[in-house]
Amino acid sequence: MTESLESCRGYRIGGAERIFAPLDAPEHPPRDRTFQLHHVRLDIVIDDAARTVSGTAAHHLAPINDGLKDVVFDQQGLNIRRVTDGDGKALDFEVHGEELTVHLARTKKAGERFELRIRYECKPQKGLFFVAPDKAYPARPRIVWTQGEEMDNRSWFPSYDFPNQKFTSEVVVTVDEKFRVVSNGHLAKEKHDPKKRTRTYDWVQDKPHPNYLIALVAGEWDSKEWSADGVPVQAYVPKGMGKYIDLCFSRVPHMVKYFGRVTGQKYPWDKYAQACVPEFTFGGMENTSITILFEYCLTDEKAYPDYSSDPLLSHELAHQWFGDYVTTKSWGHLWLNESFADYFECLWWEDYFGKDDFLLHLQEIREGYYEEAEKHYRRPIVTHRYVDSEDMLDAHTYNKGCGVLHMMRTVLGDDLWWKSIRHYVKKHALQNVETNDLKVAIEEATGRNLDWFFDEWLYRAGHPEFEVSWSWDDKARQVEVKLKQTHEVKDPVPLFKMPVVFELASDERVWRENVKVEKAEHTFRFGTPRRPKTVLFDPDGALLKKLTFKKEKEELVWQVARAKGIWGRIEACEGLGKFLADEGALRALEKALTKDKHWGVRRAAAAALGEIGSPEARDTLLRSLKGQDSRVRRGIYRALGKFRKDDVAFKALTKAYMEDGIYAPMATAGFALAETRHDDAFTTIVKGMDRPSQAEVISRAAARGLAYLRDERGVKVLMERTAYGLPELRRYGAAIALGQLGYYHEERREDVLDHLVGLTKDPNYRTKLGAIDGLAELGYKKATAELEKLRETAVLGNVRKNARTAVDQIREKHAEGAKRLEQQAELDKLKDENKVLKARLASVESKVDALAKRRK
Ligand SMILES: [Zn+2]
């Protein structure tokens, strides 16, 4: 599953700290099983006008042990009419909460196969969703779609709804004759009934899969089909949107072949369909052979190359192996699905775009984890202690696990890594797994025991924070490197043991030294005839870590121009950004910004120039704009936002915001306008904020900008952008920003509160989420009662989860006290002053330096 709205993952602006699970949170180990389900056959009618599902769910099952008397299924809100056995004989049943218990006519023996048929009807509140036009959204298509993960399929059919067993399935579904239905597996039959004006589709999934992956979509579609390794690859989009198909999906056949090649398992299902649906509650969901996606991946050329649907599409496709073919046994081991999907997304990226782009993509994912670790919590990736299964969908399960898999590959080396993966996939084909199965598979395939690695990276928490420095011992002809692990070692965060690499470089040669870190402090000595120009730690950026490595300017200037890998050059840019008012640093960064062959280094140079913040740095940024890749332009705009109240930067950003032409850079410029805090920022942002863009990136960035400006006029502007009838993401962005802005205007707090509380009752899911997040940002205690109600009663897990998080955030915000407002203003002022002082100091220092040199 994917949650993010952008190709670069969505980020929360939330301030307060939140915890993962309170101490009294319950344990959720894999569930005990009493029977093996072999096959489920649904025969249902979907009435999209009445918004109902009715029909029969037939289960073929057998007891695991002798003496099975009762069979317990999962259900939620279903009206169970009748349960019969295979001969049509009625059986007693009871419904308590989410359990449907069927009393068998006689006890059954282990392995004795039998059938139960359940007749039912329902008006699903989740699991299966109806989209239809209304007065405010007349163009909205009529579409039915499902979302099973984690355990919502029980809301539209009764079944065994936990991931720890797999079975084959058949979905026979009757719908309006206009609709085309796509479901799991292959289409065995299709029948038209002209009298009833219905069509019946019979989809068969003949390979076992877990209940949460059963899915369907029904609607009128534009579609296209490709072929890869003999597998039909299909795209279904709402009728009228066919013109976007090629831009979005054209690289998927390449991905299908790539994953088939590297895993040693060709694409395992009958077809690969991808269907885009309106108002989808996630980014994408990897149901076996039918991935369902939100519609925001369908976009025009103005989104590219800054936006790409490839990460989303490769993530969901990778799940067809990791998640679908090999499936986690419980939500506590969910990283076996999600980290793999994230990392295989990166691996495809590496295969298609090369090593450097791979590294930057991986780093973007790791940043998501660092943010969660720094602002909120550090937890073991594998845990069964949580409140709601939705809690597991966090940056530890996705992002950190992705970084961990990359380290695992680094530790094993490419050959053994791929050998392990191929063995793991083959050994556990079509089965459930838990974390230890991966460890054992690696050992079987390679002979390598990774107990230590799994212990520190999966069962314990955190990441190392390193402080590194080096010096040259002229007498001994040795480089002396000092390394410290400076993070707090406190259960569950360990002192880390890892093999690490140093890269040393001179004008003539580059070489590497491999060492092992295991203590809090190390001193390493590397012999070499001459002093190297630079020493890099972890030159390939392989480790999950935070690094402080103080270096002289001369080393950084050499490094930014000469380091072989982009990682070293990017780190050098970051280092040079700390040399304010230094001509040499400025020139080195300008050269990197205009001449480096990789956009990632150019972007880092732009960021560093923004940090320097001098008029010369600003002019360098402006001079370098022309002809840059849009990803670098974004970096330049972001950097220009650092120039407060600066007319020149403001003018350039206004032009960028209105005229850049590509959505994401225009959005970046919109927020940067606010960061300048220029007097005209407010009106300029408002002027451009209603332009449509991919996933409303412009209007959302503009809304964030208005909140950043803290201008009270923004309250009205933002309230208007939450109106029913506007695009859902515009409403979502405005609702969050409204809360942020309301926090700074005590006199408007009641208005904002009422407005946001009203929006929590909105029929639109994303608007509702935006309103909840907005209430968290507003931090007004009065909202707590409403949020508590939502966290108890909301139907969708994500709404409950966000409501719970919001309550925690409000509590934290109050603990911080009302002083924050003044503190923030004070801090801003200090930052400005500090920068001026630093610049002066640096300029004095460089003059003194120059004088000293002249004297020699
Ligand atoms: Zn996923």
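## Salt bridges

A residue is called buried when its relative accessible area is under 20%, exposed when that area is over 50%, and partly exposed in between. D134 has a relative accessibility of 28%, so this residue counts as partly exposed. The model described here is a predicted one. D134 pairs with R140 in a salt bridge, and the closest N and O atoms of the two are 3.3 Å apart. The partner, R140, has a relative accessible area of 16% and is therefore buried. This bridge thus joins a partly exposed acid to a buried arginine.

The structure holds 73 salt bridges. Side chains of opposite charge can pair when their charged atoms come close. Another of these bridges links R154 and D161, with 3.1 Å between the closest N and O atoms. Here both partners, R154 and D161, are buried.

## A bridge between two loops

E712 and R748 also meet through their side chains in a salt bridge, at 2.6 Å from N to O. E712 sits in the loop between α19 (697-709) and α20 (714-720), while R748 sits in the loop between α21 (728-742) and α22 (749-759), so the bridge ties together parts that are 36 residues apart in sequence.

The two partners fall into separate classes of accessibility. E712 has a relative accessible area of 30% and is partly exposed. R748 is buried, because its relative accessibility is 18% and the limit for buried residues is 20%.

Salt bridges can also be joined into a network. One such network links D690, E696, K716, E720, R721 and R730. Of these residues, K716 and E720 fall within the range of α20 (714-720), and R730 falls within the range of α21 (728-742).

## The zinc site

The model contains a zinc ion, and its protein donors are N and O of M1, NE2 of H315, NE2 of H319 and OE of E338. These donors lie 2.0 to 2.3 Å from the ion. Along the chain, the donors follow the spacing M-x313-H-x3-H-x18-E. M1 and H315 bring distant parts of the chain together: M1 belongs to the segment before β1 (35-47), H315 belongs to helix α3 (residues 310-319), and 314 residues separate them. Both M1 and H315 are buried.

M1 contributes two of the listed atoms, N and O, whereas H315 and H319 each appear with NE2.

## A negative surface patch

Which residues form the negative patch on the surface? The patch is made of E364, E367, E374 and E574. Helix α5 (residues 355-375) supplies the largest share, three residues.

E574 is placed in helix α11 (residues 566-576). With a relative accessible area of 48%, E574 is partly exposed, since the class of exposed residues begins over 50%.

## A buried tyrosine

Y120 belongs to strand β7 (residues 114-122). Is Y120 buried or exposed? Its relative accessible area is 1%, so Y120 is buried. Y120 and F157 are 37 residues apart along the chain, and their C-alpha atoms are separated by 7.9 Å.

## Cis peptide bonds

Where in the chain are cis peptide bonds found? One joins E149 and E150, with omega at about 0 degrees. E150 lies in the loop between β9 (143-146) and β10 (167-176). Another cis bond runs from Y304 to P305, with omega near -5 degrees. P305 is located in the loop between β19 (290-294) and α3, the helix that also holds the zinc donor H315.

## Positive phi angles

L430 is not a glycine, yet its phi is positive, at about 60 degrees. This residue lies in the loop between α7 (414-427) and β21 (431-433). L430 has a relative accessible area of 24% and is partly exposed.

D538, likewise a residue other than glycine, has a positive phi near 50 degrees. D538 is found in the loop between β27 (534-537) and β28 (546-549). At 5% relative accessibility, D538 is buried.

Definitions and conventions:
Residues numbered from 1 in each chain as written. Predicted model: local features only at pLDDT ≥ 70, side-chain atom pairs only at ≥ 80, totals over all residues. Heavy atoms only, no water. Donors = N, O, S within 2.8 Å, 3.2 Å for Na, K, Ca; no water. Helix = DSSP H or I, 4+ residues; strand = E, 2+ residues; numbered from the N terminus. Buried < 20%, exposed > 50% of the residue type's maximum accessible area, 1.4 Å probe, protein only. Patch = residues over 30% accessible without salt bridge, like charges linked within 9 Å, V, L, I, M, F, W, Y side chains within 5 Å. Areas by Shrake-Rupley, 256 points an atom, 1.4 Å probe, with all protein chains shown as cover. Salt bridge = Lys/Arg side-chain N within 4 Å of Asp/Glu carboxyl O. Lys, Arg positive; Asp, Glu negative; His and termini not counted. Charge placed at Lys NZ, Arg CZ, Asp CG, Glu CD.
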